[in-house]
Amino acid sequence: MEALMNGIRKGRFVVFGRAGMDMYADPQGTRAEHADLFRADLGGSSANICAGLCKLGMQSALVTSVSDDTVGRFCTNKLAHYGVDTQYIKVLGGEYRVSLAVYESVLEDFQLCIYRNNAVDFQVTDKDVDQVDYQSFGALVTAGTVFAAEPSRSSTFRAFENARAAGLPVIFDIDYRPYSWPSAEVASDVLTCAGEQSDLIVGNDEEFGFMAGDPSKGLDKARELAAQGKMVIYKMGEKGALTIADGEEIRTGIFPVTAVKPNGAGDSFMAGLLAAISEGRPLQEAVLRGSACASIVVSQPGCAPAMPTTEQLETFLNTHPGATAA
């Protein structure tokens, strides 16, 4: 566990996974199918985590592929705008395409439409991950989408091996998206394997239940993984989170806000959690700061642009009445 915390405290993260374009209806409250205007910004779970880390004063680099077109260049430019290191981004021609997410800032009957045909981020290869200078980072972070298809599935497992050889801990956000996988059975097997090779695992109750093969056994699965010496953060929505580490369980609440959308919360939570640990804060406080970041993001349109800066996070914490009791 100490190696995990020491790696995170370096504040330098190499992140694997997708970057995409988000298009969300404007103004807030407009249904996407009735919109005359859309705003565009960076999207994709791993790209959002990278942007969130940089906005909180950390360093991050994204390892992915983008399409050789205007949308791919848009994503790369937005990553650079947020301060993300783009040196490990491969540009790929042909019919491969960056993901596009179209959604709205409406909580009731929220609609999210994701275009993932010929997803270019799945085209990360062993050669790509071997080019990373792992020694220059403190920890590897990945979201589960990278494991949904080849060659990125095998190459990310290879990146895990490279990270181990360089002494880096592995941080895994389960981030299960059924539409990306060939079957639920394959997803359960692969994500479980990824969890077993990770040092810190973050997921919600449904995702751990999915890994367990039974929705009612998610907490049992989380505790099983923690018993192997891992840190596990088991998120329970409005009921807060349970952090399991070193034989202890820490319950934390959430920061109630008026939400305008549900997406982006998990990415912001991860960024806030890792940034707080990097700053040397106690684990319980780090989880709460991650929860605050999640609340900030769901209360605003967009994902990457809604990720808070350190100043915005401090203002939120100083003006919010506090987290709910766990």
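In what order do the four strands of the open sheet lie? In this predicted model, the order is S3-S2-S6-S7, and the pairing is mixed. Strand S3 (37-43) and strand S7 (112-115) are the edge strands, each pairing on one side only. On average, neighbouring strands of the sheet are turned by 20° against each other, direction ignored.

Strand S6 (residues 99-103) and S7 run antiparallel and are joined by four bridges. Across this pair, Leu-100 stands opposite Tyr-115 in S7. Helix H3 (residues 70-81) packs on the sheet, where it touches strand S2 (20-26) and S3. The direction of H3 makes about 65° with that of S3.

**Nonpolar cores**

The largest nonpolar core has 53 residues. Those with the most contacts inside this core are Phe-13, Leu-42, Ile-171, Leu-200, Leu-273 and Leu-274. Helix H9 (residues 265-278) gives the most to the core, with eight residues. Beyond its neighbours within four places in sequence, Leu-200 is in contact with Leu-4, Ile-8, Val-170, Ile-171, Phe-172, Met-231, Ile-233, Leu-273 and Leu-274. A second core, separate from the largest, has 44 residues, including Val-124, Phe-137, Phe-157 and Phe-208.

**Pocket and cavity**

The largest pocket has a volume of about 1400 Å³. It is lined by 50 residues, and the closest to its centre are Pro-262, Asn-263, Gly-264, Ala-265 and Gly-266. Elements that give two or more residues to this lining are S2, helix H2 (45-55), S6, S7, helix H7 (205-212), H9 and helix H10 (283-298). H9 is thus named both for this lining and for the largest core.

How many cavities of 30 Å³ or more does the structure hold? There is one, and the volume of the largest cavity is about 30 Å³. Its lining consists of Phe-16, Gly-17, Val-63, Asp-121, Val-124, Val-146, Ser-152, Ser-155 and Thr-156. Helix H5 (residues 152-165) gives the most to this lining, with three residues. Val-124, one of the cavity-lining residues, is also included in the second core.

**Two loop residues**

Is Asp-175 buried or exposed? Asp-175 is found in the loop between strand S9 (170-173) and helix H6 (184-196). Asp-175 counts as buried because its relative accessible area is 8%, under the 20% limit. Not counting residues within four places in sequence, Asp-175 is in contact with Ser-45, Ala-143, Gly-144, Thr-145 and Glu-207. Ser-45 lies 130 residues away from Asp-175 in sequence, with 8.2 Å between their C-alpha atoms.

Val-257 is found in the loop between strand S13 (248-252) and H9. Why does Val-257 count as partly exposed? Its relative accessibility is 31%, so it falls between the 20% and 50% limits. With residues up to four places away in sequence left out, Val-257 touches Ser-295, Val-298, Ser-299, Phe-316 and His-320. Val-257 and Leu-140 are 117 residues apart along the chain, and their C-alpha atoms are separated by 31 Å.

The C-alpha separations of the two pairs are listed below.

| Pair | Separation in sequence | C-alpha separation |
|---|---|---|
| Asp-175 and Ser-45 | 130 residues | 8.2 Å |
| Val-257 and Leu-140 | 117 residues | 31 Å |

Notes:
Residues are numbered from 1 along each chain as its sequence is written. This is a predicted model: local features need pLDDT of at least 70, side-chain atom pairs count only at pLDDT 80 or more; totals for chains, interfaces and linings use all residues. Side-chain values use heavy atoms; hydrogens and water are left out. Two strands pair if DSSP finds at least two bridges between them. Axes are lines fitted to C-alpha atoms, for helices over the stretch in contact, and angles run from 0 to 180 degrees between N-to-C directions. Contact means heavy atoms within 4.5 Å. A nonpolar core is a set of buried Ala, Val, Leu, Ile, Met, Phe, Trp, Tyr and Cys residues joined through side-chain atoms within 4.5 Å. Buried means under 20% relative accessible area, exposed over 50%, partly exposed in between (1.4 Å probe, protein chains only). On a 1 Å grid over the protein atoms alone, a cavity is a set of points where a 1.4 Å probe fits but cannot get out, and a pocket is an open set with protein on both sides within 12 Å along at least five of seven lines; lining residues have an atom within 4 Å of a point. Grid points are joined across faces, edges and corners, and a volume is the space filled by probe spheres set on the points.
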